[in-house]
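User: Please take a close look at one part of this protein for me. I am a first-year student, so keep the sentences short.

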Amino acid sequence: TDRLDITAIRLQFPILSRMVKGRPLIYLDNAATTQKPQAVIDAISQYYCGYNANIHRGIHTLAEEATAAYEDSRTALQEFIGAASADEIIFTRGTTEGINLVAYTWGRANIIAGDEIIISEMEHHSNIVPWQILCKEKGAELKVIPVMDNGELSMPAYLDLLTTRTKLVAVTQVSNALGTVNPVKEIIRAAHRAGALVLIDGAQSAVHLDINVQDMDCDFFAFSGHKLYGPTGIGVLYGKKELLNHMPVFHGGGEMIKEVTFAYTTYNELPYKYEAGTPNIADAIALKSAIDFIKKHGRNQIRQHEAALLSYATEQLEAIPGLTIIGNAKEKASVISFIIKGLHPQDIGILLDNQGIAVRTGHHCTQPLMKRFGIPGTVRASFAVYNTTEEIDALVAGLRKAIKMLS
Ligand code: PMP
């Protein structure tokens, strides 16, 4: 059923041929960041070797080429997430900056004392802390949708939390710690009925799911390039045009202005209004190569391959005595988190690393979620298009070895 040529795909990722501790690298930390195909690496080097220039204001050839490539990438990203207009694609440093942008601009202009913001118990710290800061500053209340034992959000509890004072619901589409895929369409519909806006944290979902922001009808959608085979330091904030147009500016500086005098400043149009200063041109351009890589292999085919890996890994891991998978949602992306009775996640991680296997251990920037499950952290394996069932076999063998050594 595997229609992708994984061997050929692996050859596109130079890092996958390196050794770690004398063993071939087995990279299962894709939810933290994915590896980069040669095309993405080449796009960065081609920019610096061939047409490095500052964008938008230059009239010389290099500036024109760089501007065209940067704006082409914006258009590719617009298509990638199904936005109505390229003006709705704001380049950011990543998900964290996108969420902070909304908290500092829309949030400061619209949240007043007594208002309510709803997040969930499974949020990454970057979708908790900015709202906490905002609520504290404004005297607003932060409410939290509880996570059930199976790692799904309690939808009845969510509906109960919505009130006429709810101004914003900010939730992740996919949990980085558990892999849970949340029913965002349902969440958004209910929020809109209550008169609230919705921000979706797409850090984990953009690489695994088909994203169409218009169909989803979210008001904001934030994601990071480095989690979808692109470079670090570049990401996107999508916002509905009428919202972005009316929000106050974020950073002040060059590019985001129309006219500056000492008495007043008028601001540029979208999307430049939110892109002050020289942006991360090289990585924005290379992000298009990452999108092209995903499109070339097909999102659905990648999804199928990852789903097969997830179900195989779940089956194999469940057979290990003392191992408990945390999060058994009906719908999961290719993230699998687990604990092993009597062993510390970090010790397991170190022993796996000795065998060349990279997993993540710890709280995964979701401390409240770990607290909810009464655990300090988990071992997390997360899969990408280039992973194989052989690598999962190696993980399982590595775990059995670690258990033997540690107990
Ligand atoms: N939200 C989720 C669900 C994440 O997994 C991450 C990255 N681990 C972030 C937000 C933050 O993304 P970034 O560090 O790229 O800004």
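**A close look, starting from one loop**

Analyst: His-364 sits in the loop between β16 (360–362) and α14. Keep in mind that this is a predicted model. What is the phi of His-364? The value is positive, about 60°, although His-364 is not a glycine.

Now follow the chain to α14, the helix on the other side of that loop. Helix α14 covers residues 367–373 and helps to build the side of domain 1 that touches domain 2. Two other elements, α12 (299–318) and β14 (335–340), do this as well. Each of the three supplies at least two residues. Which element gives the most to this side? That is α12, with 4 residues.

Next, the two domains themselves. The domain assignment puts residues 6–29 and 299–406 in domain 1. Domain 2 takes residues 42–295. Their centres, taken over C-alpha atoms, are 28 Å apart. The contact draws 22 residues from domain 1 and 19 residues from domain 2. What kinds of residue does domain 1 bring to it? On its side there are 9 nonpolar, 6 polar and 7 charged residues.

A record divides the chain in another way. An unreviewed UniProt entry carries the annotation "domain: Aminotransferase class V" for residues 26–395. Over that stretch the chain is 41% helix and 18% strand. The end C-alpha atoms of the stretch are 8 Å apart.

Back to loops. Pro-271 lies in the loop between β12 (265–267) and α11 (281–297). Is the peptide bond from Leu-270 to Pro-271 cis or trans? This bond is cis, and its omega is near -5°.

Last, a pair of helices. Two packed helices are described by an angle between their axes and by the distance between those axes. Take α4 (residues 95–110) and α5 (residues 129–138). They pack at an angle of about 20°, and their axes are 9 Å apart. Angles under 35 degrees count as roughly parallel. Helices α4 and α5 are therefore roughly parallel to each other. Their crossing is right-handed.

Which residues meet there? From α4 come Ile-99, Asn-100, Ala-103 and Gly-107. From α5 come Pro-130, Trp-131 and Leu-134. By class, this contact has 5 nonpolar and 2 polar residues, and no charged ones.

Notes
Residues are numbered from 1 along each chain as its sequence is written. This is a predicted model: local features need pLDDT of at least 70, side-chain atom pairs count only at pLDDT 80 or more; totals for chains, interfaces and linings use all residues. Axes are lines fitted to C-alpha atoms, for helices over the stretch in contact, and angles run from 0 to 180 degrees between N-to-C directions. Angles under 35 degrees count as roughly parallel, over 145 as roughly antiparallel, 65 to 115 as roughly perpendicular and the rest as oblique. A crossing is left-handed if the near helix is turned anticlockwise from the far one by less than a right angle, and right-handed if clockwise. Two residues are in contact if their C-beta atoms, placed from the backbone, lie within 7 Å. Ala, Val, Leu, Ile, Met, Phe, Trp, Tyr, Cys and Pro count as nonpolar, Asp, Glu, Lys and Arg as charged, and the others, Gly among them, as polar. UniProt positions are given in the numbering used here, feature names are shortened, and annotations may be inferred rather than shown by experiment. Domain bounds come from an automatic or database domain assignment.
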